[in-house]
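Reader: I would like to learn how to read a structural model feature by feature. Could you take me through one slowly, giving the idea behind each step before the case itself?

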Amino acid sequence: MAQEAAELSSLKPQLDELGVPLYAVVKEDVGTEVQNFRPYFKGEIFLDEKRRFYGPRERKMGLLAFLRVGVWMNGLRAFKNGFIGNVMGEGFVLGGVFVIGRGQQLQGILLEHREIEFGDKVNIEDVIQAV
């Protein structure tokens, strides 16, 4: 999560120039989790304790996720880049990245990236193109 947040935050100057805000929605704040996340994310962070943003049916990966090679490769990539997660909290809900059109824009969601497995990051070039 921190690695993807840092990559998305690297787009902040371009997003600011285009008048596009950068937001994060998190489902829980266990201990100092959100506070520890702030150095990596340069936008506003919203806590959705009721998980309304996550939709009527949350997308989860169970314990079998740890048998997937992709999950281990994503974790290794993040670790090699100096990003270390935590093992606190719920930890099974998959995340995503959305670029949403401004105001009453007819297109609505301009980019939708939903994690397939833990650590499945959005391509930041796709984010810029959508913006």
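Reader: Let me start with a single residue: in which strand does G96 lie?

Author: Please keep in mind throughout that this is a predicted model. G96 lies in strand 3, which covers residues 96-100. The strand has two faces, a covered one made of V97 and V99 and an uncovered one made of G96, F98 and I100.

Reader: Is G96 itself buried, partly exposed or exposed?

Author: A residue is called buried under 20% relative accessible area and exposed over 50%, with partly exposed in between. G96 has a relative accessible area of 41%, and therefore counts as partly exposed.

Reader: Which residues does G96 touch, leaving aside those up to four places away in sequence?

Author: With those sequence neighbours set aside, G96 touches H113, R114 and E115. In the case of E115, the two residues are 19 residues apart in sequence, while their C-alpha atoms are 5.4 Å apart in space.

Reader: In which sense do strand 3 and strand 4 pair, and over how many bridges?

Author: Strand 3 pairs with strand 4, residues 109-114, in the antiparallel sense, and the pairing runs over 5 bridges. As one example of how the partners match, F98 has E112 as its bridge partner in strand 4.

Reader: Now to charged side chains: how many salt bridges does the structure hold?

Author: The idea is to look for a side-chain nitrogen of Lys or Arg within 4 Å of a carboxyl oxygen of Asp or Glu. The structure holds 2 salt bridges. One of them joins the side chains of R114 and E112, with an N to O distance of 2.4 Å. R114 is partly exposed, because its relative accessibility is 40%, and E112 is also partly exposed, with a relative accessible area of 43%.

Reader: And where do K12 and D16 lie?

Author: K12 and D16 both lie in helix 2, residues 12-18, and they are 4 residues apart, about one turn of the helix. They form a salt bridge in which the closest N and O atoms are 2.7 Å apart. K12, at 21% relative accessibility, counts as partly exposed, and D16, at 44%, counts as partly exposed too.

Reader: Turning to the interior, which residues of the largest nonpolar core touch the most other members?

Author: The general idea is that in soluble globular proteins nonpolar side chains tend to be buried together. Here the largest nonpolar core has 16 residues, and those that touch the most other members are L8, F37, F41, I45, V122 and V127. Helix 1 (2-9), strand 1 (23-26), helix 3 (33-37) and strand 3 each supply at least two residues of this core. If you follow V127 outward, not counting residues up to four places away in sequence, you will find that it touches L8, L11, V97, V99, L111 and V122.

Reader: Why is helix 1 described as largely enclosed by the rest of the structure?

Author: The description rests on a count: 6 of the 8 residues of helix 1 are buried, so the helix is largely enclosed by the rest of the structure. The buried residues are A2, Q3, E4, A5, L8 and S9.

Reader: How many aromatic pairs does the structure hold?

Author: A pair of aromatic rings is described by the distance of the centres and the angle of the planes. The structure holds 2 aromatic pairs. In the pair of Y23 and F46, the ring centres are 5.4 Å apart and the planes stand at 65°, so the pair is edge-to-face. This pair links distant parts of the chain, with Y23 in strand 1 and F46 in strand 2 (residues 44-47), 23 residues apart. In the pair of F37 and F41, the centres are 5.7 Å apart and the planes are at 10°, so the pair is stacked. F37 counts as buried at 8% relative accessibility, and F41 counts as buried at 6%.

Reader: To finish, what pattern does the chain follow when read along the sequence?

Author: The chain has 5 helices and 4 strands, which follow the pattern α-α-β-α-β-α-β-β-α along the sequence. Of its 131 residues, 29% count as buried. Among contacts between residues at least 6 apart in sequence, 58% join residues at least 24 apart.

Technical notes: Residues are numbered from 1 along each chain as its sequence is written. This is a predicted model: local features need pLDDT of at least 70, side-chain atom pairs count only at pLDDT 80 or more; totals for chains, interfaces and linings use all residues. Side-chain values use heavy atoms; hydrogens and water are left out. Buried means under 20% relative accessible area, exposed over 50%, partly exposed in between (1.4 Å probe, protein chains only). Contact means heavy atoms within 4.5 Å. A nonpolar core is a set of buried Ala, Val, Leu, Ile, Met, Phe, Trp, Tyr and Cys residues joined through side-chain atoms within 4.5 Å. Rings of Phe, Tyr and Trp (its six-membered ring) pair if their centres lie within 6.5 Å; planes under 30 degrees apart count as stacked, over 60 as edge-to-face and the rest as tilted. Two strands pair if DSSP finds at least two bridges between them.
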